[in-house]
Amino acid sequence: MPNKTIYIADDDLPLLQQAQELTGGNLSGAIVTALRRLVEIERAKRSGFDEITVKVGVGNSSIKRFLGVALGEWTASGNEGDETYSLFRTGKGRFAVHHSRSELHIPVGPNAERSRKWSTGWRGWIGDWSPDQAWMRTPAQADFTVVDTAEELEPLLPPELYTLALRTIHDEPSVEDLDI
């Protein structure tokens with residue numbers, strides 16, 4: 001196996017030691033792992049893909065990262081919270097859907113229906129000061145789904161975004177080479 005010598009600045013030695021510890025004590029393995037990741041990301045960027053990071057889980061407790069390109073987004077806002085669907089094409093030609101819901105504020109109890117009615121319009125600005133009004137709050141949450149085909153997207157997306165996605169996915173961009 002060929003030997004290569006690398007020179008590391010004294011200030012970078014702690015970083016090198018950390019990398020070595022995280023990869024099981026093999027410095028060569030740490031360097032090769034980092035170089036593979038760098039090459040993968042740079043090739044993807046040159047092909048038009050970006051590194052995309054999304055938060056998933058209850059309270060957005062987990063992070064997912066992948067190489068992809070955004071195809072569309074759909075957002076709806078209501079009295080109780082917001083909901084967003086984001087659609088991506090992955091670096092391996094699959095489709096990823098990130099569905100996030102904001103923290104929800106839901107009226108509960110005997111006056112729940114009355115609270116929903118009164119929280120809209122100008123009454124929502126001054127409030128419904130009923131003494132037996134109660135609200136429940138749920139944390140923000142999101143899920144992430146990856147599928148192989150455009151047809152598998154239909155149950156995962158709102159109809160408007162699915163229609164847009166089909167047009168975007170099946171319409172290959174035309175390239176015109178200009179000699180200017």
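This report describes the fold, sheet packing, salt bridges and surface of a predicted protein model.

## Overall composition

The protein has five helices and seven strands. Along the sequence these elements follow the pattern α-α-β-β-β-β-β-α-α-β-β-α. Two helices therefore precede the opening run of strands, and a helix closes the pattern.

Of the 180 residues in the protein, 23% are buried. The accessible surface comes to about 13,200 Å², and carbon and sulfur atoms account for 53% of that area. Among contacts with a separation of 6 or more, 49% join residues 24 or more positions apart.

## The barrel and its helices

Five strands form a closed barrel with antiparallel pairing, in the order S1-S2-S3-S4-S7. On average, neighbouring strands of this sheet are turned by 40 degrees against each other, with direction ignored. Helix H2 (residues 27-46) packs on the sheet and touches strand S1 (50-58) and strand S2 (62-77). The direction of H2 makes about 35 degrees with that of S2. Helix H5 (residues 159-170) also packs on the sheet, where H5 touches S2, S3 and S4. The angle between the directions of H5 and S2 is about 125 degrees.

Within the barrel order, strand S3 (residues 82-90) pairs with strand S4 (residues 95-101). Seven bridges connect these two strands, and the pairing is antiparallel. One facing pair is Glu-83 and Arg-101, the latter in S4.

## Surroundings of Tyr-85

Tyr-85 is a residue of strand S3. Its relative accessibility is 13%, so Tyr-85 counts as buried. Leaving aside residues up to four places away in sequence, Tyr-85 touches Gly-72, Glu-73 and Trp-74, then Val-97, His-98 and His-99, and also Leu-156, Leu-157, Pro-158 and Leu-161.

Gly-72 is one of these contacts. Gly-72 and Tyr-85 are 13 residues apart along the chain, and their C-alpha atoms are separated by 8.3 Å.

## Salt bridges

Side chains of opposite charge can pair when their charged atoms come close. The structure holds four salt bridges. One of them joins Glu-51 and Arg-37, with the closest N and O atoms 2.6 Å apart. Glu-51 belongs to strand S1 and Arg-37 to helix H2, so this pair ties together parts that are 14 residues apart in sequence. Both residues are partly exposed, Glu-51 with a relative accessible area of 35% and Arg-37 with 30%. Glu-51 also forms a salt bridge with Arg-65, where the closest N and O atoms are 4.0 Å apart. Because Arg-65 lies in strand S2 and Glu-51 in strand S1, the pair ties together parts that are 14 residues apart in sequence. Arg-65 has 53% relative accessibility and therefore counts as exposed.

A further salt bridge is formed by the side chains of Arg-101 and Asp-143, at 4.0 Å from N to O. Arg-101 is in strand S4 and Asp-143 in strand S7 (residues 141-147), so this pair ties together parts that are 42 residues apart in sequence. Arg-101 is partly exposed at a relative accessible area of 22%, and Asp-143 is partly exposed at 33% relative accessibility. Elsewhere, salt bridges with shared partners join Arg-37, Glu-51 and Arg-65 into one network.

## Nonpolar surface patch

Ile-6, Ile-8 and Leu-13 make a nonpolar surface patch of about 230 Å². Ile-6 is located in the segment before helix H1 (13-22). With 48% relative accessibility, Ile-6 counts as partly exposed, because the exposed class requires over 50%.

How values were computed
Residues numbered from 1 in each chain as written. Predicted model: local features only at pLDDT ≥ 70, side-chain atom pairs only at ≥ 80, totals over all residues. Heavy atoms only, no water. Patch = residues over 30% accessible without salt bridge, like charges linked within 9 Å, V, L, I, M, F, W, Y side chains within 5 Å. Areas by Shrake-Rupley, 256 points an atom, 1.4 Å probe, with all protein chains shown as cover. Helix = DSSP H or I, 4+ residues; strand = E, 2+ residues; numbered from the N terminus. Buried < 20%, exposed > 50% of the residue type's maximum accessible area, 1.4 Å probe, protein only. Pairing = 2+ DSSP bridges. Axes fitted to C-alpha atoms, helices over the stretch in contact; angles between N-to-C directions. Contact = heavy atoms within 4.5 Å.
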